[in-house]
Amino acid sequence: SGKFLTQRQFPLMACIQPKETESGLLLYAPGMEPLLLDKDMIHYGSDISVSVWGESLQGSDCGDTIADWFSTYVQFPCRLARRGKDFTRY
């Protein structure tokens, strides 16, 4: 639905550990295979509308592979979005 999720709603998110690598961001979570957020994989996918703290913004979907990993881990259907390429927040 484009609404952001928080660790208050999904406490398992607090256990996701990121590690920066030359290729991108590597994510670790208990019981999950590590996930590489490759710089090319997440570089501005499909535009989507998102809502963060009631503010409507444009974002970019990071793809099905990443969505499946997060959905499996937090046990709730979700997608990862990043700020859109033209996003500016003052």
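# Notebook: sheets, helix, core and aromatic pairs

**Entry 1, overall layout.** I read the elements from the N terminus on and got the run β-β-β-β-β-α-β. I am working from a predicted model. I counted one helix and six strands in the chain. I then looked up burial for the whole chain: 28% of its 90 residues count as buried. For the surface I noted about 6,500 Å² exposed by the chain, with carbon and sulfur atoms supplying 52% of it. I also took the contacts between residues at least 6 apart in sequence, and 41% of them join residues at least 24 apart.

**Entry 2, sheet S1-S2-S3.** I traced an open sheet of three strands in the order S1-S2-S3, and its pairing is antiparallel. S1 and S3 stand at the edges with a single partner strand each, so each has one side without a neighbour in the sheet. On average, and with direction ignored, I find neighbouring strands of this sheet turned by 25 degrees against each other. I followed the pairing of strand S2 (residues 24-28) with S3, which is antiparallel and runs over four bridges. One bridge I looked up is that of leucine 26, whose partner in S3 is leucine 36. I then checked where H1 sits: the helix packs on this sheet and touches S2 and S3. I noted about 145 degrees between the direction of H1 and that of S3.

**Entry 3, sheet S4-S5-S6.** I traced another open sheet of three strands, with the order S4-S5-S6 and antiparallel pairing. Here strand S4 (47-52) and S6 are the edge strands; each has a single partner strand, so one side of each lacks a neighbour in the sheet. Ignoring direction, I get an average turn of 55 degrees between neighbouring strands of this sheet. Strand S5 (residues 55-61) pairs with S6 in the antiparallel sense, and I count three bridges. I looked up serine 60, and its bridge partner in S6 is arginine 82.

**Entry 4, nonpolar core.** I asked which residues touch the most other members of the largest nonpolar core. In this core of 13 residues they are Ile16, Leu27, Leu35, Ile66, Trp69 and Phe70. Strand S3 (35-38) and H1 each supply at least two residues of the core. The largest share, five residues, comes from H1. As background I noted that nonpolar side chains in soluble globular proteins tend to be buried together.

**Entry 5, isoleucine 16.** I picked isoleucine 16 from the core list and placed the residue in the segment before S1. Is isoleucine 16 buried or exposed? Its relative accessibility is 14%, so with the limit for buried at under 20% I enter isoleucine 16 as buried. I left aside its neighbours within four places in sequence and listed the contacts of isoleucine 16: Leu27, Tyr28, Ala29, Trp69, Phe70 and Tyr73. I also looked up the C-alpha separation of isoleucine 16 and proline 30, which is 7.8 Å for residues 14 apart along the chain.

**Entry 6, aromatic pairs.** I found four aromatic pairs in the structure. I took phenylalanine 10 and phenylalanine 76 and read 4.9 Å between the ring centres and 45 degrees between the planes. Why is this pair tilted? Planes under 30 degrees apart count as stacked and over 60 as edge-to-face, and 45 degrees fits neither class, so the pair is tilted. The pair links distant parts of the chain, its residues being 66 apart. Phenylalanine 10 lies in the segment before strand S1 (17-20), and phenylalanine 76 in the loop between helix H1 (64-74) and strand S6 (81-83). I entered phenylalanine 10 as buried at 15% relative accessibility, and phenylalanine 76 as partly exposed at 36%.

I then took the pair of tryptophan 69 and tyrosine 73, with centres 6.2 Å apart and 25 degrees between the planes, and entered the pair as stacked. Tryptophan 69 and tyrosine 73 are four residues apart in helix H1, so about one helical turn separates them. Tryptophan 69 is buried at 8% relative accessible area, and tyrosine 73 is buried at 6%. I also noted one aromatic cluster formed by Trp69, Phe70 and Tyr73. Each of these cluster residues also stands in my contact list for isoleucine 16.

Definitions and conventions
Residues are numbered from 1 along each chain as its sequence is written. This is a predicted model: local features need pLDDT of at least 70, side-chain atom pairs count only at pLDDT 80 or more; totals for chains, interfaces and linings use all residues. Side-chain values use heavy atoms; hydrogens and water are left out. Rings of Phe, Tyr and Trp (its six-membered ring) pair if their centres lie within 6.5 Å; planes under 30 degrees apart count as stacked, over 60 as edge-to-face and the rest as tilted. Buried means under 20% relative accessible area, exposed over 50%, partly exposed in between (1.4 Å probe, protein chains only). A nonpolar core is a set of buried Ala, Val, Leu, Ile, Met, Phe, Trp, Tyr and Cys residues joined through side-chain atoms within 4.5 Å. Two strands pair if DSSP finds at least two bridges between them. Axes are lines fitted to C-alpha atoms, for helices over the stretch in contact, and angles run from 0 to 180 degrees between N-to-C directions. Contact means heavy atoms within 4.5 Å. Accessible areas come from the Shrake-Rupley method with a 1.4 Å probe; for residues, only the protein chains shown count as cover.
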